[in-house]
Amino acid sequence: MPGRAFVRFGELEWEVSLATAPWELARGLGGIPAVPPGTGMLFDLGCEQTIQVTTVPMLFPLDIAFLSETLVITEVYRNIQPGYLVTSQLPARYFLEVNAGELEGIEAGDSAEVEFLPP
C-alpha cells in the first residue's frame, strides 16, 4: 500500500499517495477512473535522473511537475491527455501527478514543501 503525504506550493495543497516501490512506480494512477480534486500521486525515484512518464494507461488528463532532490520544480507539463509519453528534460528525483488544471500558476523554480505522513 502506498504511503501518504501532503504536497504544498504556497497556499496550494494536495493530499497524495506516495509511490516508492517498483510496482507503485509502474502502476501509478493508471486504470483509475478519476481522483478527487486536491489529491494525486507523488513518485519518489530515490535519486535524480531523466524520468519518463507514460499516460497510456490513464483515464483522465493530468498536470505533471518534475521536482529536484531539493523539491524545486524543474519542469511543469499541463493537461497531458491519456496516451502520451512525457520525458523530463532535466534530471529530477520526484514527480507529481494531479488533475489537469490544478497546477495553474505553478512554474519551474517554485519550491515545494512535502510532509510525509506516518504509515
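Asn79 is found in strand β6 of the predicted model. The backbone of Asn79 has a positive phi of about 55°, although Asn79 is not a glycine. Most residues other than glycine have a negative phi. In terms of solvent exposure, Asn79 is partly exposed, with a relative accessible area of 44%; this value falls between the 20% limit for buried residues and the 50% limit for exposed ones.

A positive phi is also found at Leu71, where the angle is about 65° although Leu71 is not a glycine. Leu71 is placed in the loop between β5 and β6. The relative accessibility of Leu71 is 17%, and Leu71 therefore counts as buried, since the limit is 20%.

Strand β6 also holds Ile73. Ile73 counts as buried, with a relative accessibility of 2%. When neighbours within four places in sequence are left aside, the contacts of Ile73 include Phe9, Ala65, Phe66 and Leu67. Ile73 is also in contact with Ile106, Glu107, Ala108, Gly109 and Asp110. By comparison, Tyr84 is eleven residues from Ile73 along the chain, and the C-alpha atoms of the two are separated by 21 Å.

Ala65, one of the residues in contact with Ile73, lies in strand β5. Ala65 is buried, its relative accessible area being 0%. Residues up to four places away in sequence not being counted, Ala65 touches Ile73, Glu75 and Val76, together with Tyr94, Phe95, Leu96 and Leu103. Tyr77 is twelve residues from Ala65 along the chain, and a distance of 6.3 Å separates their C-alpha atoms.

The arrangement of the chain as a whole was then examined. The protein chain has one helix and nine strands. From the N terminus on, two strands precede the helix, and the other strands follow it, in the order β-β-α-β-β-β-β-β-β-β. The radius of gyration is 13 Å, close to the 14 Å that the globule rule gives for 119 residues, so the chain is as compact as a globular protein of that length. Along its principal axes, the C-alpha trace spans about 35 × 30 × 25 Å. Among contacts between residues at least 6 apart in sequence, 67% join residues at least 24 apart.

Burial was considered next. Of the 119 residues, 46% count as buried. In soluble globular proteins, nonpolar side chains tend to be buried together. The largest nonpolar core of this chain has 19 residues, of which Val7, Phe9, Leu42, Leu67, Leu96 and Leu103 touch the most other members. At least two residues of this core are supplied by each of the strands β1 (3–9), β2 (12–19), β5 (62–67), β6 (73–80) and β8 (92–99). Apart from this core lies another, of 16 residues, among them Met41, Phe43, Ile80 and Ala92.

The surroundings of Val7 illustrate the larger core. With neighbours within four places in sequence left aside, Val7 is in contact with Leu12, Glu13, Trp14 and Val16, with Leu42 and Leu96, and with Ala112, Glu113 and Val114. Among these contacts, Leu42 and Leu96 are listed with Val7 as residues that touch the most other members of the core.

At the surface, the protein chain exposes about 6,100 Å², and carbon and sulfur atoms supply 58% of this area. The chain has 5 positive and 16 negative side chains. The centres of these two sets of charges lie 6 Å apart.

How values were computed. Residues are numbered from 1 along each chain as its sequence is written. This is a predicted model: local features need pLDDT of at least 70, side-chain atom pairs count only at pLDDT 80 or more; totals for chains, interfaces and linings use all residues. Side-chain values use heavy atoms; hydrogens and water are left out. Helices (H or I, at least four residues) and strands (E, at least two) are DSSP runs, numbered from the N terminus. The radius of gyration is taken over C-alpha atoms; the globule rule is 2.2 Å times the number of residues to the power 0.38. Buried means under 20% relative accessible area, exposed over 50%, partly exposed in between (1.4 Å probe, protein chains only). Contact means heavy atoms within 4.5 Å. Accessible areas come from the Shrake-Rupley method with a 1.4 Å probe; for residues, only the protein chains shown count as cover. Lys and Arg count as positive and Asp and Glu as negative; His and the chain ends are not counted. The place of a charge is taken as NZ of Lys, CZ of Arg, CG of Asp or CD of Glu. A nonpolar core is a set of buried Ala, Val, Leu, Ile, Met, Phe, Trp, Tyr and Cys residues joined through side-chain atoms within 4.5 Å.
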